[in-house]
Amino acid sequence: MIDMEIVVKEGAKVHDGYTKAAREIADFAVDKLHLDFEDVEFRLVDNDEMSEVMALYQDPLPTWETYQNYYMQKSRGEYRYGMLYEIVSHSVIDPATNKKKIISYIRNSNKEHEVLSVIAHVYGHLHMDKNNFICKRCGRDLNMDVKRRKRYRELERILGVKTVEEVYDIGKSLASLIGIDRPKSLDEEIKESRDEYYDTEPIIPRKDEYDAFQFIIDNSEISGWQKELLQMIHDINTDIAMINVMIMHEGFATFVQEKYAIEKAKTDPAMAMKMEDFLLGIANPINEGQLRYALGFRLFKYVEECWNKGRHGILYESLPESEKKDYDNHENKGLDKVLDIVKTKTDWDFIFSYASQEFLEMYTKEVKDNIEYLKRTLSENNPNFYNIYSHLDALDKKYTYDDITKFKVNLLTGAESYTPPVFIPRGGGNYDREGGLLIKQDMSLINKYIDGYKKKEEDEENNIYSMLTLDNHRTAATLLRIYGIWKKPVYLQTIDPEDGEPMLIYTGDGEDIEYGSVPSAQDPGIN
Amino acid sequence: MTTEIGDAEDKYRNKIRDTDDLDVDWMDLYDFARNKPVRKRIKIKKNPEISYGVDSEDEGYQDENILFGIKKHEIISEMNKWKLNFTKPGRKKGSKMEFLISDYGSQENQEKTLASMLERQIANKEKFHIDIKEQDVKYDIVIDKPLPDRSAYFIIMRDVSGSMDKISKFAYSVALRITLWLQHLYRENVTRVYIVHSIDAMEVSEEEMFGINGRETPIESGGTAFLNAYNTVNSMLKGTQYKSSIGVSRHINSENEDVYLLHITDGENEDPNKPVIDVIKSILPELTRFMYLEIGSGGGAANSFMSSLSAVKEPNVKMVAASDNESTDNIRDTITKLLND
């Protein structure tokens, strides 16, 4: 029996039935799946409260965007389309036990099989949050969010809603500049220390700064309240920027959910069937918004099967195709492998290391079979016939690939929350010797995956570089906003969408965007 | 909904309504798996951020918003090379001083300090007496707030009679580029207004104007008469009622805003020309610029409306007859003639 505190409440009252079920599911998750998480308090809430919790968790400040998120989520809940079923929120310290407790919200309108599925799903998330090497560095304090909200209102009262909103909007654009520290080799660290030690003139920054947003806050000439507000936005968004594990997060949680459904089938097959049906709706590969769930879940299942049957490694790869098909050495290390991936990988590692040709063929076949079925059943009398048909055609085209590397990059950049990693290189704070700021796209993490990609001649517009470049109107608009804070020219080094070579996008006056090439002496290249 | 974000609702509604540099998108609540139609459509805005991928090549001709996905900065860079000499009217007022009350500062506001002291005493159920504590002291802070550049209205009026009922790529490109140019000059403070006319005239939405997403203009194409069209513009300027498919009659105050009018037509007017010219003359003082574009083989002909309009010799009137040809040279020449002083 688990010794954790698990409780399900509706308002102030404990829901005995669901609390008992939640403890049974936790028992299964800890004993059979070897999951590890803290005390949990589930709260059953209505659509309104769920939407508000989600909106305030995404952005705790009382801004137009917070309301927009609330309104979108509430509408999704009212029409039961694309809605969140659960939110894992803040952790609190339980005053009774002095132990950390996670608060998770579930809809009170969910049916019983949905509630049980969602509880299992949440346990998957909690295990990921506690054990993944990136996630365990994150965590937002509820009390801090309340203080930030209060302070934002105070700023509005003193300075006016519109004035504060202008800086808030700039801050939201700058939030895409929170990069992740890249682990450096010993040689790189020694070189960096030596360069810094022997500097003969002031160099800003002295070493590569991966948190470009923080650098801009610290080094731009803005007023005190602007720094304070931007710092708030930075701190709120740091966790979100760090999370490059969204596919794994949702995929693993869905994986745990299915494990429980299979377990439930031993005692209540009818309930298990409903849970499985519910899961297939969540992990529907046709719905682009569910890509994280669909892809992550199926890949974890594939990895588990491969490692259970020993279908990996050099010896297996060297077998002839006819022997591979039925190979099974009963290795039974699938679950261990899944837990190991959860602990140590990011989404890019996960997809590039484990999504083999065989898996991608299976996955795209499932997508295309679904597309075919929908097209056959689509009536011409449907008022949105052309919209639906063209959407299905576009989806079909997306899943028809000729290069596996390109397809994987397409999937990854199409998933949510993939802010491209950027950094300010050593000396980038005075790039043009007139105070101009240089921001570079960090391709070091990605290059190891796309090494060996050869662009085909007919691939003019749809090659990997066009998926990974930062040359678009959103980036251009962001540079203009950065200029509004930095007050001097702002340069961004990215890759040319046609050939992957380094290129510069910059604004010298905060109004026009220009293009240039990267001087060869400037740096050894972003590759 | 609690007050935690309840007070953000107004901010959201204002944001959605305002024109700015945020990307506009739509959230459709739709169920593809069960083939249900779009049940609710919500307009959303997003702050730009550094992100992967190139822009779509399509200039948004058939998209939800004509400016969505367009490489604005590329078009503006291209237009910069045309060396347009058009300048907008200068700002009439400079910056303004705004006085605020703060808990910190150097200049005490005695009135507010006493008011704060009184509030504290009432809250603590104390008898009134002069006893100013540190927390009571309020300060004036003065903020020098620059006024925004004067904002503008851009009225695009389109003839939808006969062969003009589907907007040509050339006409769309001209309207788009002038829109972007004005937004560039007025730092996004430009409100777009759309009027379609055949015999009748009506204000319409952007989708109805450009036939986006299958939306059609809500008036019948047929004959052409300009009088109703210009009377509609006149009604907007005067604040009187006129026909509108968007359900709201607007009042454009030309004292506070610059007003640009672009009329795209093939030049055939079945109304007598004189009354139309009289209406145009009456609204000209309120217009910053009136741009008249005749398209097609009949454009500029002796019996076209343009020949009558030529008699109006005002510096803020620009007339062009152009072929319906979407080449860059034709677009550049047309816009240069419409925008140059």
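A residue counts as buried when its relative accessible area is under 20%. Cys135(A), at 4%, is therefore buried in this predicted model. Cys306(A) is buried too, with a relative accessible area of 8%. Over all chains, the structure holds zero disulfides.

**Aromatic pairs**

Over all chains, a search of the whole structure finds 33 aromatic pairs. One of them joins Phe226(B) and Tyr230(B). Their ring centres lie 6.5 Å apart. Their planes meet at 55°, so the pair is tilted. Phe226(B) is buried, at 0% relative accessible area. Tyr230(B) counts as buried as well, at 0% relative accessibility.

Tyr292(B) and Phe305(B) form another tilted pair, with 5.8 Å from centre to centre and 55° between the planes. Tyr292(B) sits in strand 10 (residues 289-295) of chain B, and Phe305(B) in helix 9 (residues 305-309) of chain B. The pair therefore ties together parts that are 13 residues apart in sequence. Tyr292(B) is buried, with a relative accessible area of 0%. Phe305(B) is also buried, at 1% relative accessibility.

Chain A has an aromatic cluster. Its members are Phe252(A), Phe255(A), Phe300(A), Trp307(A), Phe350(A) and Tyr354(A).

**Charges over rings**

Two basic side chains lie over the faces of tyrosine rings, as listed here.

| Charged residue | Ring | Distance from ring centre |
|---|---|---|
| Lys324(A) | Tyr316(A) | 5.6 Å |
| Arg13(B) | Tyr71(A) | 5.5 Å |

Lys324(A) and Tyr316(A) both belong to chain A. Arg13(B), by contrast, belongs to chain B and lies over a ring of chain A.

**Helix 10 of chain B**

Does the length of this helix fall in or out of line with what its residues should span? Helix 10 of chain B has twelve residues (residues 328-339). At 1.5 Å a residue, they should span 16 Å. The end C-alpha atoms are 16 Å apart, which agrees.

Which residues of helix 10 of chain B are buried? They are Asn330(B), Ile331(B), Thr334(B), Ile335(B), Leu338(B) and Leu339(B). Around the axis, these residues cover an arc of only 140°. They therefore lie on the same side of helix 10 of chain B.

Definitions and conventions:
Residues numbered from 1 in each chain as written. Chains lettered and ligands numbered in written order. Predicted model: local features only at pLDDT ≥ 70, side-chain atom pairs only at ≥ 80, totals over all residues. Heavy atoms only, no water. Phe/Tyr/Trp six-rings, centres within 6.5 Å; stacked < 30°, edge-to-face > 60°. Buried < 20%, exposed > 50% of the residue type's maximum accessible area, 1.4 Å probe, protein only. Helix = DSSP H or I, 4+ residues; strand = E, 2+ residues; numbered from the N terminus. Lys NZ or Arg CZ within 6 Å of the ring centre and 35° of its normal. Expected span 1.5 Å × (residues − 1). Arc of directions from axis to C-beta. Disulfide = S-S within 2.5 Å.
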